[in-house]
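I set out to record how the strands, helices and nonpolar residues of this structure are arranged. My entries follow the order in which I looked things up.

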Amino acid sequence: MISLDNCSKYFHKGSVNEVFALNSISIDIDEGDFISIIGSNGAGKSTLLNSIAGVFMLDSGTINVGNRDVTTWPEYKRAKFISRVFQDPLLGTCPSATIEQNMALAKKRGQWRGFSRGVKAKDRPMFQEKLKMLGLGLENRLQDRVGLLSGGQRQALTMLMATMVRPEVLLLDEHIAALDPKTANQILRLTEEIVGEQELTTLMITHNMKHAIEFGNRLIMLHQGRIISDVAGEEKKSLTVNDLLQKFYDSSEEELVTDAMLLA
Amino acid sequence: MTVYAALGAVEQGLVYGIMVIGVYLTFRILDFPDLTVDGSLPLGASISAVAITNGINPYYSLMFALLGGFVAGMITAILNTKFKILHLLASILTMIALYSINIRIMGGPNIALLGSATVFDAVIAWGIPGQYAGILIFAVFALAVTGFIVWFLKTELGMAILATGDNPRMITSLGVNTHMVIILGVGLSNGLVALSGALIAQNQGAADVGMGIGTIIAGLASVIIGETIFGDNNIARAFVAALLGSIVYRLAIALALGLEFGGFSFSPSDLNLITAVLVVIALIAPNIKKKVVAR
Ligand SMILES: Nc1ncnc2c1ncn2[C@@H]1O[C@H](COP(=O)(O)OP(=O)(O)O)[C@@H](O)[C@H]1O
Ligand SMILES: [Mg+2]
């Protein structure tokens, strides 16, 4: 489904600030895989997802998604089959547009946008039905501006929007990290529900090792731009947080495990 | 202010209102401060005037003007999106280039339309006196343009333009090429500004290369006045407010020009200074208010 071959990415190449963010990463991802991704801050997790989404071009390597070589495709073109949810709830929606306008925008993801009415009356029942699923009462607030919603509500709406047209790949970059624990849990359940129902190929970055273990059929750990661990199937099911910490010690020469890793 | 001066101000407010709608589109909707307008307004005027003096129907000449403005706006937007030149600088470059281009189009710094056909002829032929003919024609055009923009921004494509100004990362992740949207939006904006310039030229009976100086400032002043007085809580309201803001602005200018302090009075050439001061006050007023409230 997705295959990365020898993908490398530098930032500020050639300057004193040079960062080697992705170091020859190769990975094959099967259709329907739900992969959780962990790693310390700055390990390259977001860079990996951004490369797949096409936010920037690689310095070397190739990316295939669903038998298309998308290595040089711009982000908007890949968006036809790749959906994303960002960490910042502000990024996924248009604040000055209403809930229904946002949903109407999402309903046209990757399609031609012409001169027919942006929000169509015939779509409203579908919008409401989807919103009902959230259990947040948003189905009665179609004409409210999204800027009025809380972070959690916006993130829930973003999840719906990202999957309104079924994507081939769903990329989640710490999409619950900015939320309070209760809301974070709700969004995580929602994620599980939608991913399960639509059988989406999903990559989810999380800084929570328990979540990484609980969710998905495969787990990869990144460190300094490399995949240092890749576990799937039965082995993943039996993982513990201690196993993960051990793996981290083993594969990295560094003695120091960051607070972020330990606290998670 | 005499009734005559007030009528003149309303007329100006309406025709420049078309420009203001263009400015609203870039400045507020696309978040793209665009100085191209100082060049595209006289561009529209030149194209229309030259077309008319070459025997082209004055209505058709408006279409050419609109198209010319559209291309000018597209060039600014392409410089910005494809070549990564800062939007302000890109628009200044186009504006400066247009100065030369406009003189080329007219074959000189200005061109007179005396005795030529204009869009006002038909209305005057109905027996409507000259000073009302302008208001009538401009009102029709201004309302049509406002209606069109409000309709357009509610279409699928229009909503993509709104979203591009509001949250470009989000709309990119929904598959929209924001570069194309910006090129289209800035093009449309300058098309409207050029249309406004063409109508002004036909009304004044001349096109002049210097007539565009201060367009952006007048546009911004009108936008801000409109928002402040009439509000902007939905698209239709925001654009009607911009149009009304243009009328209020021209009335305020007419009023200021009529003032006398002892021996001193403003002359028309002080207009840009007055407007610049007005815009500065309008821009810093919200900050001052915030600071006062914060305490
Ligand atoms: N746009 C960018 N410009 C410069 N450096 C970047 C950029 N994005 C990421 N980096 C750097 O690349 C490295 C990996 O970052 P990132 O992928 O965001 O890590 P994380 O695993 O925390 O998501 C970090 O050192 C970061 O500072
Ligand atoms: Mg990150």
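**Sheets, helix packing and cores**

I began with strand 3 (residues 34-39) and strand 9 (residues 218-223) of chain A, which pair in the parallel sense over five bridges. I counted two strands as paired if DSSP finds at least two bridges between them. Helices (H or I, at least four residues) and strands (E, at least two) are DSSP runs, numbered from the N terminus. In strand 9 of chain A, Leu222(A) is the residue opposite Gly39(A).

I noted that this is a predicted model, in which local features need pLDDT of at least 70 and side-chain atom pairs count only at pLDDT 80 or more, while totals for chains, interfaces and linings use all residues. Residues are numbered from 1 along each chain as its sequence is written, chains are lettered from A and ligands numbered from 1 in the order in which they are written, and side-chain values use heavy atoms, with hydrogens and water left out.

I then traced the open sheet of six strands in chain A, whose order is 6-7-8-3-9-10 with mixed pairing. Strand 6 (82-85) and strand 10 (226-232) of chain A each have a single partner strand, so one side of each lacks a neighbour in the sheet. I found helix 1 (residues 45-53) of chain A lying across strands 3, 6, 7, 8 and 9 of chain A, at about 150 degrees to strand 7. Such angles run from 0 to 180 degrees between N-to-C directions, with axes fitted to C-alpha atoms, for helices over the stretch in contact.

I next examined the open four-strand sheet of chain A, which is antiparallel in the order 2-1-4-5. Its edge strands are strand 2 (19-29) and strand 5 (68-69) of chain A. Helix 1 of chain A packs on this sheet too, touching strands 1, 2 and 4 of chain A; contact means heavy atoms within 4.5 Å.

In chain B, I looked at helix 3 (residues 58-81) and helix 4 (residues 87-106), which pack at an angle of about 140 degrees with axes 8 Å apart. Among the residues of helix 3 of chain B that meet helix 4 are Ala72(B) and Leu79(B).

Finally, I checked the largest nonpolar core, which has 117 residues, with Ile99(A) and Ile149(B) among those with the most contacts inside it. A nonpolar core is a set of buried (under 20% relative accessible area, 1.4 Å probe, protein chains only) Ala, Val, Leu, Ile, Met, Phe, Trp, Tyr and Cys residues joined through side-chain atoms within 4.5 Å. Apart from it lies another core of 26 residues, including Leu222(A).

Note on methods: Buried means under 20% relative accessible area, exposed over 50%, partly exposed in between (1.4 Å probe, protein chains only).
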